[in-house]
Amino acid sequence: MLKWSNSHISNVAGEISLLGGLGLWAATFPQIRRKTFELFFYAHHLYIIFVFFFILHVGIDYTFIMLPGFYLFIVDRYLRFLQSRTSVRLLSARLLPCNVVELNFAKTHGLTYNPTSIMFMNVPSISKLQWHPFTVSSNSNMEPDKLSVIIKSEGSWSTKLHQMLSSPIERLDVSIEGPYGPQSNHFLRHDTIVMVSGGSGITPFISIIRELIFRSKISQCKIPDMILIAVFKSSLDLTMLDLLLPMTGSPSDLSNLKLHIEAYVTKEKEPKTDNSKRVRSILFKPLPTDKPMAPILGPNSWFWLAAIISSSFIMFLILIGIITRFYIYPRDHNNYEFSASTKAVLNVLAICVSIAATAGAAVFWNKKQYSREATHVQNIEGQTPLGSLNLRAYNGDRELESLPHQSLAQATKVHYGGRPDLKRMLFELKGESLGVLVCGPKKLRHDVAAICSSGLADNLHFESISFSW
């Protein structure tokens, strides 16, 4: 049990690897993952212990069985690390009275993404270790120089962020990883898109609506009709509908769009307006070192990724060949007495050095290529109030309205004191293909799924968008 063989299998390393794997597995139970997510998240760093001591246990020869997956994981993890080291340029924020914040970041035109994409965000002033996923609400075509996320104050981290933004602030240090998202806009294949949201579940649908606003302006193809069924608890939550349009958008953006909104306020039986609460717009003053968000490997990411994988693997073969010929072989002389653990560590070290060298070179090259565009973005910002020292003069409040812009108000019907009859509403819709997208509480997603799978309507195609990690 306690034997660490010099040239054969190490029992101790295998036992340590097993303990690390069991600890990682134990943290995946739903009761732990959902109630104490941070424990679940940090426990997954035990993969380092699991993999490292597994390699020491079985030796490098058997480890090469899992080399493809292990190699690709290290490439991905290192690229994500490089991206997360940069402080991104935070331009502005909108604070809604329902404790919702919209953050707007500068980005280069080469950074593109599809609706319902997510990204991870870190605010060092709150926690240097915590990275939280948020749905991207902006559209990379409609807003080529800006990326937006919407954050609801529900946990301790998001509550601290809201409190920081509610006080006078000129800059916020933020790091980003992503965005990641679907490869295609599959929802466009339907004749009608029905979006059912509960509370902050409206966030991914904002990106879909903005995508269709953009397509309605430039495309001659048929745009699906849209029905948004949004369920809120209070009248203040109705201000989330304001976010359907970006800060620079205009009501005319909806003129070519067939959008109908059914909003339900469940906790109130009549409209309520609190004039003491307003929608606040905040403009930040970024530092010159803050960079617009950009693709870590540039616009031709697939080409660069293939180049990193192939060139780093060739470099690894050359390095391990040199190490074997000039370090291992002279000490081993084919007697197989060289430490198997040391040989495994040298192979892993060669893999890491090869990936770090090639990936670092690729990232550095692409940074030079889009640095001019980043400078151009900063120069444009310098000509706006963002470059002014007197930011408070531009951070104005706007009176709270129970409904958003006039064009949205005309498309919106608000119901108070009840929940939507989803079964009736879905079955009454006509069309050959109805895409039913739902995002919100677990019970809401299950109810909509049961309706679509009941077999009473053949034209309903269900898809759930969940924030459960």
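Colleague: What makes the second largest pocket a pocket, and what is its volume?

Modeller: A pocket is, on a 1 Å grid over the protein atoms alone, an open set of points with protein on both sides within 12 Å along at least five of seven lines. The second largest pocket holds about 850 Å³ of space. Its lining counts 25 residues, and those closest to the centre are Thr112, Pro179, Tyr180, Gln183 and Ser301. A residue belongs to such a lining because it has an atom within 4 Å of a point. The volume is the space filled by probe spheres set on the points, which are joined across faces, edges and corners. This is a predicted model, in which local features need pLDDT of at least 70 and side-chain atom pairs count only at pLDDT 80 or more, while totals for chains, interfaces and linings use all residues. Residues are numbered from 1 along each chain as its sequence is written, and side-chain values use heavy atoms, with hydrogens and water left out.

Colleague: Which elements supply at least two residues each to the lining of the second largest pocket?

Modeller: They are α6 (67–84), β6 (175–180) and α9 (301–332), and α6 gives the most, with four residues. These names denote DSSP runs numbered from the N terminus: helices are H or I runs of at least four residues, strands E runs of at least two.

Colleague: How many residues of each class are in that lining?

Modeller: There are 13 nonpolar, 10 polar and two charged residues. Ala, Val, Leu, Ile, Met, Phe, Trp, Tyr, Cys and Pro count as nonpolar, Asp, Glu, Lys and Arg as charged, and the others, Gly among them, as polar.

Colleague: What makes a space a cavity, and how many of 30 Å³ or more does the structure hold?

Modeller: In a cavity a 1.4 Å probe fits but cannot get out. The structure holds two of 30 Å³ or more, and the largest has a volume of about 40 Å³. The largest cavity is lined by Ile55, Ile60, Thr63, Phe64, Met66, Leu67, Phe70, Val348 and Ile351. By class, that lining has eight nonpolar, one polar and no charged residues. At least two of its residues come from each of α5 (60–63), α6 and α10 (340–382).

Colleague: Why is proline 179 noted for its peptide bond?

Modeller: Most peptide bonds are trans. The bond joining glycine 178 and proline 179 is cis, with omega about 0 degrees. Proline 179 lies in strand β6.

Colleague: Why is strand β2 called mostly covered?

Modeller: Buried means under 20% relative accessible area, exposed over 50%, and partly exposed in between, computed with a 1.4 Å probe on protein chains only. In β2 (residues 100–106), seven of the seven residues are buried. In a regular strand the side chains alternate between the two faces of the sheet. Val100, Glu102, Asn104 and Ala106 are buried on one side of β2, and Val101, Leu103 and Phe105 on the other.

Colleague: What makes β1 and β5 partners of β2?

Modeller: Two strands pair if DSSP finds at least two bridges between them. Six bridges join β1 (residues 90–96) to β2 in the antiparallel sense, and seven bridges join β2 to β5 (residues 146–152), also antiparallel; by that criterion both strands pair with β2. Arginine 94 stands opposite glutamate 102, and valine 101 has isoleucine 151 as its bridge partner in β5.

Colleague: Why is asparagine 99 called partly exposed?

Modeller: Its relative accessible area is 38%, so it falls between the limits for buried and exposed. Asparagine 99 sits in the loop between β1 and β2, with a phi near 65 degrees, a positive value in a residue other than glycine.

Colleague: Why is lysine 107 called buried?

Modeller: Lysine 107 has a relative accessible area of 0%, and therefore meets the limit for buried. It is placed in the loop between β2 and β3 (118–122). A polar atom of its side chain lies 2.8 Å from the backbone oxygen of proline 144.

Colleague: What makes the pair of serine 10 and alanine 13 a polar contact?

Modeller: A polar contact is a pair of N or O atoms within 3.5 Å; within protein, one must be able to donate a hydrogen and the other to accept it, and residues adjacent in sequence count only if both atoms are side-chain atoms. The side chain of serine 10 reaches the backbone nitrogen of alanine 13 at 3.3 Å. Serine 10 is itself buried, at 0% relative accessible area.
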